[in-house]
Amino acid sequence: MNDDATEATRPNIDEANRTAVGRMVASRPRLVDVATAGDVIPGLTKDLLLHAGPPIAWPRMSGPLRGAIIGALIFEGLAQDADEAAELAASGDIRFAPCHDHQTVGPMAGVVSSSMAVWVVEDDTHGGQTFSTLNEGYGKVLRYGAYDDEVLDRLRFLNGTMAPMLSSALSKGDAGGGEAIDLRALLAEALHMGDEGHNRNKAGSILLATRLAPALVRVARDATGDALARVLAFLGENALSVLNPVMAAAKAMADAAHDVPGSTVVSTMARNGTEFGIRVSGLGNRWFTAPCATPQGLYFAGFSADDANPDIGDSTITETAGFGAFAMAAAPAIVRFVSGAPRDAIAATLEMYEITVGEHDHFTIPPLDFRGTPVGIDIRRVVELGITPRVNTGIAHKEAGIGQIGAGLVRPPMALFEEALEAFAEQHLRA
Amino acid sequence: MPRPDTHGMILSHRLRRGAYLDSIVLMQLQVALRAEPGIEDCSAVMATAANLSLLAASDMLPEGLEATGADDLLLVVRAVDSVAGESALDRVDELLGQRTSASHEDDLPAPFSVREACRRLPDARWAAISVPGRWASRVAHDALEAGLDIFLYSDNVSVADERLLKRRAAARGRLVLGPDCGTAILGGIGFGFANRVRAGCIGLVGASGTGLQAITSRIDDLGAGVSHAIGIGGRDLSREIGGASALAALRLLAADPATQVVVLVSKPPDAAVARALVTAARAVPKPVVICFLGTIPPVARVTNLNFAAGLEQAADLAVSLAADEEKAAVTVTSRTTMPCRLPAAPGGFLRALFAGGTLALETLAQLRFFLPLRANLSLEGVEAIDDPSTSTGHTVLDMGDDTLTVGRLHPMIDPDLRLRRLQIEAADVTVSTILLDVVLGTGSEADPAERLAPAIQEIRARRADLEILVVVVGTEDDPQGRRDQIDRLAAAGAHVFERLGPALEAIVRRTAASPAFDPQPDAAPVAAEPTPLGPPQVINVGLESFHQSFVAQGAPAVHVAWRPPAGGDARLLALLDVLASDQPAPDVSA
C-alpha cells in the first residue's frame with residue numbers, strides 16, 4: 001500500500017484548495033459601469049434591502065445597521081421619517097437579505113436599496129458581475145447608520161449627479177467607449193504606494209480619480225454649473241472612493257474560489273454588526289456565525305471602546321481575497337492601528353502566510369522582497385495553528401448616525417473555524 | 001485564600017493549560033520573576049509529575065492544585081504578600097515578551113510552522129525537532145512534506161510512527177535520524193550533543209549517541225578528523241525498524257566525497273539487521289570499521305570491512321585506515337595478502353560439519369553478521385534447530401553434540417557418522433559449500449584422510465560446483481602428520497586451511513551476497529536518491545537552546561515558535577487528521 005495514496009473517491013483537499021486559490025488569483029475584475037441597483041442586481045426588488053454580513057432579522061440588528069435601514073427606506077420614499085421607517089422595517093413588509101447573496105458587497109452597514117447607484121464590476125476571467133454602492137466619504141454617512149438630511153442630500157448628489165457622469169465615463173455606460181478600469185492592476189499599484197486596500201485607500205482613490213478624470217471631462221461638456229468640479233473633487237478628496245469598487249473586485253475574486261468541491265478555503269468573511277459569518281468554498285452557501293468581537297484600535301478624540309459597535313461590514317472581503325490586513329506589510333503608514341512600529345506591519349503579514357494556501361501572483365509587497373500577498377485562508381491551518389485571520393477595520397459608533405469613531409484590528413472568533421472544520425469533516429467522511 | 005507558610009511567605013500560582021514553553025525559556029522567566037519586587041522565590045515549570053514532586057520537596061507546591069498534565073504550565077511564586085505575588089504573575093506575558101525580542105538576532109518574529117520557516121530559509125536542508133514526543137511525528141511529517149531531512153531529538157515516538165516516518169522518508173530520499181537521536185555532526189555543525197572535533201575524512205554512523213561522541217573525540221585526540229557523524233537513534237537497528245536510517249546514512253557516506261573511511265558503531269543490533277548493515281557496508285567503496293558493542297567481533301578484516309572490539313579500537317582502526325588511504329592516494333599499494341579465492345556462489349548454502357564444538361561456535365560468531373545461520377548450538381542471532389538430523393539453509397553442526405552421538409564414539413575418534421552426513425549434504429543441490437574440520441593429535445583418529453580424501457574426491461567428481469573446505473588443526477609433530485594429511489586432502493580436491501579465519505573469509509566471499517554499490521535493503525526500499533550532505537541550514541522546532549547553538553556555530557537557522565496544534569484539543573486534532581489530504585495511510589504491514 002502506498003503511504004501517500006489518498007482515496008480516489010474523496011476530493012483531494014490540497015488539490016481543491018490550489019484550484020480555488022488559482023481561480024481567486026486569476027480573477028480579473030474590471031470596473032465597467034455605474035447603474036441603478038434595482039436594474040442590475042439580480043432579485044433586488046423595491047421591498048428588499050441588502051445588508052452586510054450574514055442573514056439577520058430586524059429585532060437583532062445593531063444600531064448602525066438599523067439606522068442605515070431607516071435611511072434607505074426614507075431615501076426610497078417608502079417612509080416619511082425615522083419612526084415610520086422603523087415601523088415598516090419591523091412590520092414584515094420589507095425583506096432583508098445579505099449583500100453576499102446578491103453578488104454585492106457593502107462596507108459597514110452595507111445597506112443597498114433598489115434606487116441606489118452601484119458600481120458594476122465584471123470578471124474578465126470567469127465572467128459574471130459584482131456590485132457595490134458609491135462611497136459616501138467620511139463622517140456622518142448612511143453606512144454608519146446616519147440618516148439625517150445631510151446624509152440623504154449626499155446620497156441624492158451621488159445618485160443624481162455623480163452616477164450618470166461616472167456611467168458615461170465607463171465602457172459599458174451610455175456614452176460607450178469609456179474606460180474599463182482593471183481593478184486588479186490598480187490595486188497592485190496601490191499596494192506599492194502604501195495602501196493595503198482595506199483601511200488605507202488613499203493611493204488607490206487617487207489612481208481611480210486620475211483614471212476617470214479625462215473621460216469625465218469628455219462626457220461632462222454638457223454638465224451644468226460646477227457639477228464636474230464637484231464630482232472630481234469628491235472622487236479625489238475621498239480617500240475611500242476606491243474602497244467600494246475594490247470590495248466588488250474582491251467579491252468577484254472570492255466568488256471565483258467559491259463552490260470548489262473539497263476546498264477548505266474561506267470564500268466569505270462578513271459581519272452584520274451582531275454576528276461574524278464565514279462561508280467555506282467546499283461547503284456551499286452555509287454560513288457559520290458567532291457573535292462579533294469589538295475591534296481593538298485607536299479612537300478619534302472624544303470616543304472610546306465603550307462607544308464602539310461590534311464589528312460590522314462586508315469589507316472583510318478584502319482579507320478574504322488576500323489583501324487588507326493580509327497586505328499590512330505594504331502599508332506602514334497605518335501601523336498605529338495595529339500597535340505601533342513598521343516591524344509590526346511586517347509581522348502581521350508574515351503571520352497570515354501561516355494560514356493561507358498560496359501567495360498572490362499580482363499583489364506583491366516591496367518590503368518583503370516583492371513576495372506575493374498571503375491568499376486563500378485554509379480553515380485547517382487556522383485551527384491547527386490557532387491563528388485566526390487578521391482584519392483591518394473601521395470602528396462604528398454603536399448608536400445609529402454618529403459614524404466612524406476609530407479604526408483598528410479585529411479577528412473573527414475561532415469558534416467559526418472550528419465549527420466549519422467539523423462540518424467539513426462530516427461532509428468529507430460521507431463523500 | 002493562601003496562608004503564610006513557615007517562612008512567613010505567601011505562595012501564589014497560575015496554571016496555564018496547553019501552554020508549552022521550553023525549559024530555557026522557563027529558566028529565563030524564573031530569573032526575571034525573581035527580580036520582581038517582593039518575590040522571594042519562584043518556579044516556572046511544565047506540570048509533570050516529576051516537576052510537581054520537585055516543587056513539593058522545596059515547599060513550592062501550592063495547596064489544592066487542580067489536576068495537571070505535562071502540557072500545562074505551572075507558575076508558582078513565594079512572595080512577601082499576595083499582592084506582590086499576584087502582580088509578579090500578572091507580568092509573566094510581558095517578561096516572556098522581553099525574552100523573545102532579545103533572543104532573535106533577526107528583527108522578524110519567528111514563524112509558527114515548518115512550512116513558513118522554509119519560506120524564510122529556502123535552502124534549509126535539515127529540521128531539528130525537539131518538541132514533546134506526542135507531537136514529534138506530526139512535526140516530522142510536516143518537515144518531510146517540506147522536503148527536509150530530520151534530526152529527531154524527541155523521544156516517546158511509537159514504533160509504528162517511526163516505521164511510517166522512515167518509509168515516507170525513504171520514498172522521498174530523505175533521512176530521519178532518530179527518534180531519540182542525541183547527537184550528530186553534519187558538515188561540521190553539531191546537532192544536539194556533539195563534541196567540537198576537527199574536520200577530516202572519517203564519516204561515522206552510530207546507533208549509540210555516547211559511543212559516537214567517544215569515537216569522534218578519540219579520533220580528534222589522535223589528530224585525525226571527522227567528515228560527518230550521523231546519529232540514528234537507539235531503535236533504528238531493531239528488527240521492527242530494520243536499520244532504515246543506518247542504511248540510508250551508509251549510502252550517503254559511501255557517496256560523500258569528503259568521507260574516505262566509514263565507521264559504523266552500534267549497541268548489539270538485531271542479527272538480521274546486522275547482516276543487512278554488513279551487506280550494505282561491503283558495498284561501500286571505502287574501508288569500513290564496524291563496531292557492534294557487546295558482541296564477539298568476527299574476523300578482523302574481510303574485504304573492505306574491519307571489525308573492532310570496542311570504541312577505542314574502532315577509533316584507532318579508523319585513524320590508521322585514514323592514514324593508509326592518504327598514502328594510497330599517492331602510491332597504489334596492496335594492503336592485504338592474496339586470500340583464497342573461490343568462485344562466487346551467491347544463493348548456495350553452506351553446511352559446516354564440525355567435530356570440534358568450539359570451532360563450530362567460533363564459526364557462528366564470525367559468520368552470523370554475514371549469513372542467516374542455523375545451528376545445534378545456542379548463540380545470539382543464530383537460529384537454534386531442534387532436530388539436527390536434517391539440514392536446511394545455512395547450517396552449522398557440532399557433530400559431537402550429544403543428540404547425534406547417542407550410542408556412538410565422538411566423531412574425532414569415529415568418522416563414520418560425519419562421513420555419512422557429508423554424503424547427505426553433498427546430495428543436496430542447494431548446497432554450494434561444505435566446511436569440515438580435521439583435528440589432529442594424540443587420541444584422535446589415526447588417519448583422518450584415509451576415508452575423508454576418497455569421499456571428497458568422489459563427491460568432487462560428481463559435483464564440481466561444490467567446494468569443500470577443510471580446516472586442519474594440529475602440528476607437524478602430531479602422530480597423524482599435518483603435512484601429509486593436508487597434501488592428501490588437497491589432492492582429493494579440498495581447499496585446505498591451517499587456520500579457521502581464512503577459511504571463513506573465503507566462505508564469506510563465496511556465499512554471502514556480494515552486492516553492487518547500491519544497497520537496496522529489503523526492510524526499507526529507497527525509492528528516491530538521497531541528496532549529498534553539505535553544510536547544513538536548519539529549521540529548528542522545539543528547544544530554543546538548539547537554535548542558539550546552530551546560530552553560535554554559524555549555521556543559518558530559523559527557529560519555529562511551535563505550539564501544540566489546535567491547542568492540543570483532541571477533538572479538533574481528530575478532525576484535522578481526517579482532513580489532512582497528505583496524511584499517510586495507516587501502516588498496514590506493521
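**Exercise 1. The loop around Pro179(B)**

Pro179(B) is placed in the loop that joins strand 6 (176-177) to strand 7 (183-186) of chain B. The structure is a predicted model. Determine which peptide bond is cis, and state whether Asp180(B) is buried, partly exposed or exposed.

*Solution.*
Step 1. The peptide bond that runs from Gly178(B) to Pro179(B) is cis, and its omega is near 5°.
Step 2. Asp180(B) also belongs to the loop between strand 6 and strand 7 of chain B. Its phi is positive, about 60°, although Asp180(B) is not a glycine.
Step 3. The relative accessibility of Asp180(B) is 47%. Buried requires under 20% and exposed requires over 50%, so Asp180(B) counts as partly exposed.

**Exercise 2. A positive phi in chain A**

Find where Asp259(A) is located, and classify its accessibility.

*Solution.*
Step 1. Asp259(A) occurs in the loop between helix 9 (243-257) and strand 7 (266-272) of chain A.
Step 2. The phi of Asp259(A) is near 65°, which is a positive value in a residue other than glycine.
Step 3. With a relative accessible area of 49%, Asp259(A) is partly exposed.

**Exercise 3. Two helix pairs**

Two packed helices are described by the angle between their axes and the distance between the axes. Describe how helix 6 packs with helix 7 in chain B, and how helix 3 packs with helix 4 in chain A.

*Solution.*
Step 1. In chain B, the axes of helix 6 (residues 133-145) and helix 7 (residues 159-171) come within 11 Å and cross at roughly 5°. Angles under 35 degrees count as roughly parallel, and helix 6 and helix 7 of chain B are therefore roughly parallel to each other.
Step 2. Helix 6 of chain B contributes Ser137(B), Ala140(B), His141(B), Leu144(B) and Glu145(B) to this contact, while helix 7 of chain B contributes Asp161(B), Leu164(B), Leu165(B), Arg168(B) and Ala169(B). Sorted by class, the contact has five nonpolar, two polar and three charged residues.
Step 3. In chain A, helix 3 (residues 63-75) and helix 4 (residues 82-91) pack at an angle of about 105°, and their axes are 9 Å apart. Angles of 65 to 115 degrees count as roughly perpendicular, which makes helix 3 of chain A roughly perpendicular to helix 4 of chain A.
Step 4. The contact is formed by Ile69(A), Ile70(A), Leu73(A) and Ile74(A) of helix 3 of chain A, together with Ala82(A), Ala85(A), Ala86(A), Leu88(A) and Ala89(A) of helix 4 of chain A. These residues divide into nine nonpolar, no polar and no charged.

**Exercise 4. Two residues within helices**

State the surroundings of Ala169(B) and of Ile346(A).

*Solution.*
Step 1. Ala169(B) lies in helix 7 of chain B. Its relative accessibility is 2%, so Ala169(B) counts as buried.
Step 2. When neighbours within four places in sequence are left aside, Ala169(B) is in contact with Leu144(B), Arg174(B) and Val176(B).
Step 3. Ile346(A) is part of helix 11 (residues 342-353) of chain A. A relative accessible area of 15% means that Ile346(A) is buried.
Step 4. Under the condition that neighbours within four places in sequence are left aside, Ile346(A) is in contact with Ala329(A), Pro367(A), Leu368(A) and Leu108(B). Ile346(A) and Leu368(A) are 22 residues apart along the chain, and their C-alpha atoms are separated by 7.8 Å.

**Exercise 5. Chain B and its interior**

Give the composition of chain B, and identify the residues that touch the most other members of the largest nonpolar core.

*Solution.*
Step 1. Chain B contains 18 helices and 23 strands. Of its 590 residues, 54% are buried.
Step 2. Helix 12 (residues 357-367) of chain B has the buried residues Ala360(B), Thr363(B), Leu364(B), Ala365(B), Gln366(B) and Leu367(B). Among the elements that cover them are strand 15 (349-354) and helix 16 (500-511) of chain B.
Step 3. The largest nonpolar core has 73 residues, and Leu177(B), Phe191(B) and Leu435(B) touch the most other members. Helix 9 (residues 244-255) of chain B gives the most to this core, with eight residues.
Step 4. Apart from this core lies another, of 60 residues, including Met269(A), Phe417(A), Ala143(B) and Leu573(B).

Terms used: Residues are numbered from 1 along each chain as its sequence is written. Chains are lettered from A and ligands numbered from 1 in the order in which they are written. This is a predicted model: local features need pLDDT of at least 70, side-chain atom pairs count only at pLDDT 80 or more; totals for chains, interfaces and linings use all residues. Side-chain values use heavy atoms; hydrogens and water are left out. A nonpolar core is a set of buried Ala, Val, Leu, Ile, Met, Phe, Trp, Tyr and Cys residues joined through side-chain atoms within 4.5 Å. Buried means under 20% relative accessible area, exposed over 50%, partly exposed in between (1.4 Å probe, protein chains only). Helices (H or I, at least four residues) and strands (E, at least two) are DSSP runs, numbered from the N terminus. Axes are lines fitted to C-alpha atoms, for helices over the stretch in contact, and angles run from 0 to 180 degrees between N-to-C directions. Angles under 35 degrees count as roughly parallel, over 145 as roughly antiparallel, 65 to 115 as roughly perpendicular and the rest as oblique. Contact means heavy atoms within 4.5 Å. Ala, Val, Leu, Ile, Met, Phe, Trp, Tyr, Cys and Pro count as nonpolar, Asp, Glu, Lys and Arg as charged, and the others, Gly among them, as polar.
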